[in-house]
Amino acid sequence: MATLHGGSALSSLVRSRLRVAIGRIAALACLGLFAIPGVALASCPASPVTTPFAQWGDSNNYFLIPGGSFEGTPDQVGWTLSGASLTSGNEPFYVNDSGDSQSLTIAGGGSATSPFFCVDNTMTSLRFFAQQTAAGAGLRVRALVQSTDGDVNSVPIARLTDGSMSNWAPTDVIPGDTSGLSDDQTLMVALQFTVRPSAASWQIDDLFVDPYRSG
């Protein structure tokens, strides 16, 4: 699991854990289970891309995950929320749209889970904006990977440490490893954010995935 301490280096452990989970599912797909939900022999639908992190020296193209701007009603955003809520106030850089006005707050003991979205072997990393609004616990990020039998494997991919982000800022690049997929395989993946029970509170906004290999 990658631990993010502001600008610290990311651990390679996240790559190995995600590679194992995806590799296991991809291997089952190769046995002829292509019709089972979770793995398909197709390309992910094309998504509009932008360069939201260019002002921080990251010129890679990214696409916004479903509901990742947190604009609209809870039903429109489509996330599963427990101890978390849509909050007035956008991240201050407005990288998605200058008219955006909301973000997501997760309280201690709370969780927020995105809708599932399509992932292929070109989607190697993600980034988002965060700030800790009350101290007491870090923010944990997991990938929920749907298996060929419809079960969901939860894989820890990052942790923002308590006290590491007192003001709005983009996270470091959070790496994933989808190399276990062949060029014509896709997976359905969701992102889950949790804060352990405590007085802590975190805000997140504008979640993007990099759909291109960046070396």
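**Exercise 1.** Find which residue's side chain Gln-203 joins through a polar contact.

*Solution.* Start with the rule: a polar contact is a pair of N or O atoms within 3.5 Å, where, within protein, one must be able to donate a hydrogen and the other to accept it, and residues adjacent in sequence count only if both atoms are side-chain atoms. Now look at the side chain of Gln-203: a polar contact of 2.8 Å links it to the side chain of Ser-103.

A word on the model: it is predicted, so local features need pLDDT (the predictor's confidence in each residue, from 0 to 100) of at least 70, side-chain atom pairs count only at pLDDT 80 or more, and totals for chains, interfaces and linings use all residues. Residues are numbered from 1 along each chain as its sequence is written, and side-chain values use heavy atoms, leaving out hydrogens and water.

**Exercise 2.** Decide whether Gln-203 is buried or exposed.

*Solution.* First, locate the residue: Gln-203 lies in strand β13, residues 201–210 (strands are DSSP runs of E, at least two residues, numbered from the N terminus). Next, recall that buried means under 20% relative accessible area, exposed over 50%, and partly exposed in between, with a 1.4 Å probe and protein chains only. Gln-203 has a relative accessible area of 8%, so Gln-203 is buried. Finally, check its surroundings: beyond four places in sequence, its contacts (heavy atoms within 4.5 Å) include Thr-87, Phe-129 and Trp-168.

**Exercise 3.** Work out where to read the model with care, using pLDDT.

*Solution.* Begin with the whole protein: the mean pLDDT is 84, and 78% of residues reach 70 or more. Then look for low stretches: pLDDT stays under 50 over residues 6–15 and also over residues 25–41.
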